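Student: I should like a close look at a single part of this model, with its partners and surroundings set out in one connected account. Please give the cut-offs as the terms arise.

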Amino acid sequence: MAPTATELKALYEQQGFLTELPVLSNTELQEARVAFAQLEKEFVGQEYTQYSLHNVHLKYDWVTRLVKHPKVLDVVKAILGSDVILLDSRFICKYPTQPNNKGQGGNDITNDARKNCEVEEGKTSGHHGAPDKALLPFVAWHQDIRYWGLDGGSVLSVWLALDDSNKDNGALQVIPGTHLSGLLPHQSSEQPGNMLSVNQEIPKDLVETQKAMLCPLLAGQMSVHDGFLVHGSDPNTSGHRRCGFVIRYIPTCVYPIEDPDRPRRFNVTVVVSGTDKFNHFNSISDLV
Ligand SMILES: O=C(O)CCC(=O)C(=O)O
């Protein structure tokens, strides 16, 4: 039996995340994967599609449908309440670094990926033709709230899988319960390959990696996590793409902090459920 909204909220508040939540039907998943493959053709080169497809829900109807998907919003509302703002969205794609002989459509290693691996190999001491893991894209341990600079509540991130996501292709990892630890210090990562926009990471001695939990997903499922939850992900060392669509939502009571070191701009906020009594953001009127 599917958990009730109250059960989902209680579990989220206890662990700081939920995982393996079903969202897309087979047809919806297929549509999304075909449409994403189209974007990969349009924006030739993985440099772009791995992290730069940012807020494209404003441009493509199929992405708009994802950020407003009833199964996504049902979970978001169960946790945040009925008045919800969509803050941001981004595709995060880790491309294969090994050949995939099975041939699985969008998951196939592309010629670009092969070329990238060869370039990396040339630079590294990787042996047996394998790229050096230390140079591959990964996501350093961090808390989303540090990046967003919000107060009065937290941000909720949805991680919606377009591909199966597992240990080998670098699924999301979380440290359960850390959403209750408050804001931890962040620094610039010294390890090359951190995909995060401002290269932030929590110093290693503050992360209890022995408590880390992998969140594998089947394509079409999502996980959700709290902005204070410590999370990250390892490189993709497999022959399969790992593409996720990350959507950030906030309750309308949340507001931006004044941070002279890094002023933030919130240009695309939009109320996706209920009403906004607070008007902390200059939200756009609606999505198409
Ligand atoms: O895609 C990943 O591996 C990390 C995603 C992430 O950091 C996030 O959703 O906040």
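Tutor: Leucine 160 of β5 has methionine 222 in β10 as its bridge partner. The model is predicted, so local features require pLDDT of at least 70 and side-chain atom pairs pLDDT 80 or more, while totals for chains, interfaces and linings use all residues. Residues are numbered from 1 along each chain as its sequence is written. Strands (E, at least two residues) and helices (H or I, at least four) are DSSP runs numbered from the N terminus, and two strands pair if DSSP finds at least two bridges between them.

β5 and β10 run antiparallel and are joined by five bridges. With β12, β5 shares six bridges, again antiparallel; here serine 157 stands opposite arginine 248. Leu156, Val158 and Leu160 point one way from β5, whereas Ser157, Trp159 and Ala161 point the other way. Because six of the six residues of β5 are buried, the strand is largely enclosed by the rest of the structure; buried denotes 20 or more other C-beta atoms within 10 Å of a residue's own, exposed 12 or fewer, and partly exposed the range in between, with C-beta atoms placed from the backbone.

β5 belongs to an open, antiparallel sheet of six strands, in the order β1-β10-β5-β12-β2-β14. Its edges are β1 (17-22) and β14 (270-273), each of which pairs on one side only. Neighbouring strands are turned by 30 degrees against each other on average, direction ignored; axes are lines fitted to C-alpha atoms, for helices over the stretch in contact, and angles run from 0 to 180 degrees between N-to-C directions. Beyond β5, ten bridges join β12 (residues 242-251) to the antiparallel strand β2 (residues 84-94), with leucine 86 opposite tyrosine 249. Helix α1 (residues 5-15) packs on the sheet, touching β1 and β10 (221-226), and its direction makes about 140 degrees with that of β1.

The ligand is surrounded by residues including Ser157, Trp159, Asp144, His231 and Val246, the criterion being a C-beta atom, placed from the backbone, within 6 Å of the molecule. The elements giving two or more residues to this shell are β5 (156-161), β11 (231-233) and β12.

In edge strand β1, proline 22 is exposed, with 11 other C-beta atoms within 10 Å. Leaving aside neighbours within four places in sequence, proline 22 is in contact with Gly220 and Gln221, contact being C-beta atoms, placed from the backbone, within 7 Å.

Conventions. Contact = placed C-beta atoms within 7 Å.
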